[in-house]
Amino acid sequence: MADDLGDDWWSEEPAGEEKAEAQVESLTENEVHSPLKAQGHRDRKKRPHQETKKQISQAKKDESHNAHPDGEPKKKKRRKKKKMSEHLADAAQKPGTSEDLMALLHKQYQGKLSAIEMQELQLSDKSFLPSNSTSAPLSNYLKSSIPKWNNLVKKTKPVKPNACLLLLVTASAKRAVDLNRQGSEFKGQCVSAKLFAKHLKIQEQIKLLNKNGAHFAVGTPNRISALIQTDGLKVEETFYVILDWNWRDVKLRRMVDMPEVRQDLLELLRKHIIPATRNSEKLRIGLF
């Protein structure tokens, strides 16, 4: 009986090994060939889709070619944004008027000041000199607007301390120097002063005005305001305030187009020039 068991057990083992080897061989063959089969199946699925894409692409090319016989599709034109200088160049080059100044003050302070304060900013036409409608040079404009200048200079010699008869307000020190030179024909023999910050200390300007005063002074809004606040300049003695309104720099900006200068100018007008104009019948404002 033991012999039979042993014979049966050992006789079945080779069959098991052969079966296992057959399974391994079958599995190995499936592993090797199944990805290829699957890939081939996927390729067969993709081909119709890819061909459809190619057909659509070719149809678009044919349509574009038919629309443009030369074979060159028409390029879309892109709109170029205008620069600020171009906008300013396109704007009408009209000389500034009293209405322009009043409109700017209203725009700047509307909603920031009370109704009474806004009313105090209003000036009548009598408070203004004629505008420079012909774009005349500085000396010509001042001669036509202030014909009795020479008589005024003679009557006010010497000028009162810290006084200035004519105050010309401009955007920069360089422009102030140019205007002082351009006004030579109009000024004649009078005391003049340069009221700007570049290379000139405010203490020196205060001493000069306190000693001699000035018939004709040209300066920037910021420095003029500083001199008024320190009592170095008294606008109560001023007859004329001329704003360099129409001049434009290389970027075509006027004085009121430069944010920092515009703010200083409007504060100078609101706090000092306009109150002095309302309180004095002699002070008048000109836009050059």
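This briefing walks through the predicted model shown above, topic by topic. Because the model is predicted, local features are described only at a pLDDT of at least 70 and side-chain atom pairs only at pLDDT 80 or more, while totals for chains, interfaces and linings use all residues. Residues are numbered from 1 along each chain as its sequence is written, and side-chain values use heavy atoms, with hydrogens and water left out.

**Confidence**

- The average pLDDT of the protein is 80 (pLDDT is the predictor's confidence in each residue, from 0 to 100).
- A score of at least 70 is reached by 68% of the residues.
- Residues 1-22 have a pLDDT below 50. Beyond near neighbours in sequence, this stretch makes 0 contacts in the model (contact means heavy atoms within 4.5 Å).
- Residues 24-38 also have a pLDDT below 50. This stretch has 1 contact in the model beyond near neighbours in sequence.

**The sheet**

- Helices and strands here are DSSP runs, numbered from the N terminus (helices are H or I, at least four residues; strands are E, at least two).
- The model holds an open sheet of 5 strands in the order S2-S3-S1-S4-S5, with parallel pairing (two strands pair if DSSP finds at least two bridges between them).
- Which strands stand at the edges? They are S2 (192-195) and S5 (284-287). Each has a single partner strand, so one side of each lacks a neighbour in the sheet.
- On average, neighbouring strands of this sheet are turned by 20° against each other, direction ignored.
- Strand S1 (residues 164-169) and strand S3 (residues 214-219) run parallel and are joined by 5 bridges. Opposite Leu168 stands Val218 in S3.
- Helix H9 (residues 202-211) packs on the sheet and touches S2 and S3. The direction of H9 makes about 155° with that of S2 (axes are lines fitted to C-alpha atoms, for helices over the stretch in contact, and angles run from 0 to 180 degrees between N-to-C directions).

**Two helices that cross**

- Two packed helices are described by the angle between their axes and the distance between the axes.
- The axes of helix H10 (residues 221-229) and H11 cross at roughly 30° and come within 8 Å.
- The crossing of H10 and H11 is left-handed (the near helix is turned anticlockwise from the far one by less than a right angle; clockwise would be right-handed).
- H10 makes the contact through Pro221, Asn222, Ile224, Ser225, Ile228 and Gln229. H11 brings Val261, Asp264, Leu265, Leu268 and His272.

**Two aspartates in one loop**

- Asp244 lies in the loop between S4 and H11. Asp249 lies in the loop between strand S4 (240-243) and helix H11 (259-279).
- Is Asp244 buried or exposed? Asp244 is buried, because its relative accessibility is 1% (buried means under 20% relative accessible area, exposed over 50%, partly exposed in between, with a 1.4 Å probe and protein chains only).
- The side chain of Asp244 makes a polar contact with the side chain of Arg175 at 2.8 Å (a polar contact is a pair of N or O atoms within 3.5 Å; within protein, one must be able to donate a hydrogen and the other to accept it, and residues adjacent in sequence count only if both atoms are side-chain atoms).
- Leaving aside neighbours within four places in sequence, Asp244 is in contact with residues including Val169, Leu179 and Phe288.
- Asp249 is buried, with a relative accessible area of 14%.
- The side chain of Asp249 reaches two backbone nitrogens: that of Lys251 at 3.0 Å and that of Arg253 at 2.8 Å.

**Unusual backbone spots**

- Most residues other than glycine have a negative phi, and most peptide bonds are trans.
- The peptide bond from Lys157 to Pro158 is cis, with omega near -10°. Pro158 sits in the loop between helix H6 (149-155) and S1.
- Asn162 is not a glycine, yet its phi is positive, about 65°. Asn162 is in the loop between H6 and S1, and it is buried at 7% relative accessibility.
- Ser135 also has a positive phi, about 55°, and is not a glycine. Ser135 is in the loop between helix H4 (115-119) and helix H5 (138-145), and it is exposed at 58%.

**Across the chain**

- Val177 is in helix H7 (residues 173-182) and is partly exposed at 27% relative accessibility.
- Val177 and Val218 are 41 residues apart in sequence, and their C-alpha atoms are 8.1 Å apart in space.
- Ser135 and Lys94 are 41 residues apart along the chain, with their C-alpha atoms separated by 9.3 Å.
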